[in-house]
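Student: I would like a close look at a single part of this model, namely its cysteines and what can be said about bonding between them. Please set the answer in the context of the rest of the structure.

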Amino acid sequence: MLEFAVLAIICAIIIVYLRGVNSELSLLATICAGVLMLTYALNYLSDTITLINKIVELTGIDKKVYVIIFKITAIGYIVEFSAATIRDFGLNSIADKLVFVGKLIIFSLSMPIIYGVLNLLIEVLQ
């Protein structure tokens with residue numbers, strides 16, 4: 001984890017330096033820094049996915065529900081990361097629209113889970 005913090009600080013120093021020299025290069029460095037940090041963070045994700053698969057097997061949760069929840073979580077993180085990067089470029093209106101579209105996609109993906117919960121409630125009440 002310490003390497004990640006050091007990487008972020010080094011990237012920030014390079015970006016601040018490049019802003020004074022060439023603003024176009026600083027934007028490119030910002031994108032590269034974001035991709036580099038995201039790649040570093042994805043290394044931790046494989047262990048987490050393995051653990052979640054074990055939990056799903058132990059609990060007997062339908063694999064489709066797990067996939068939907070994983071997709072919703074991934075979309076949330078990707079949209080937030082992308083919106084923050086777009087805000088770094090000073091394009092707040094586009095970032096806000098991206099967040100809105102991401103929420104719509106998450107809502108549409110969550111409908112099967114909502115439907116399943118409602119069916120379960122109806123069965124319990126009958």
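Tutor: A disulfide is a pair of cysteine sulfur atoms within 2.5 Å. By that criterion, a search of the whole structure, which is a predicted model, finds zero disulfides. Cys11 takes part in none, and the cysteine sulfur nearest to that of Cys11 belongs to Cys32, 9.0 Å away. Seen from the other side, the closest cysteine sulfur to that of Cys32 is in Cys11, and because 9.0 Å separates the two, they are too far apart for a bond. The surroundings of each residue may be added. Cys11 is buried, with a relative accessible area of 12%, whereas Cys32 counts as partly exposed at 44% relative accessibility.

Confidence bears on how such distances are read. The protein averages a pLDDT of 88, and 99% of the residues score at least 70. Helix α2, spanning residues 23-59, has the lowest confidence in the protein, with a mean of 84, while α4 has the highest, at 92.

Helix α4 therefore merits a description as the context with the highest confidence, at 92 against the 0 to 100 range of pLDDT. Its 34 residues, 92-125, reach 47 Å from the first C-alpha to the last, close to the 50 Å expected at 1.5 Å a residue. A kink of about 40° lies at Met111 in α4, shortly before the proline Pro112. Ala95, Val99, Gly102 and Ser110 are buried in α4, and the buried residues of this helix pack against α3 (63-88).

Conventions. Residues numbered from 1 in each chain as written. Predicted model: local features only at pLDDT ≥ 70, side-chain atom pairs only at ≥ 80, totals over all residues. Heavy atoms only, no water. Helix = DSSP H or I, 4+ residues; strand = E, 2+ residues; numbered from the N terminus. Expected span 1.5 Å × (residues − 1). Bend = angle between axes of the 7 residues up to and from the residue. Buried < 20%, exposed > 50% of the residue type's maximum accessible area, 1.4 Å probe, protein only. Contact = heavy atoms within 4.5 Å. pLDDT = per-residue confidence, 0-100.
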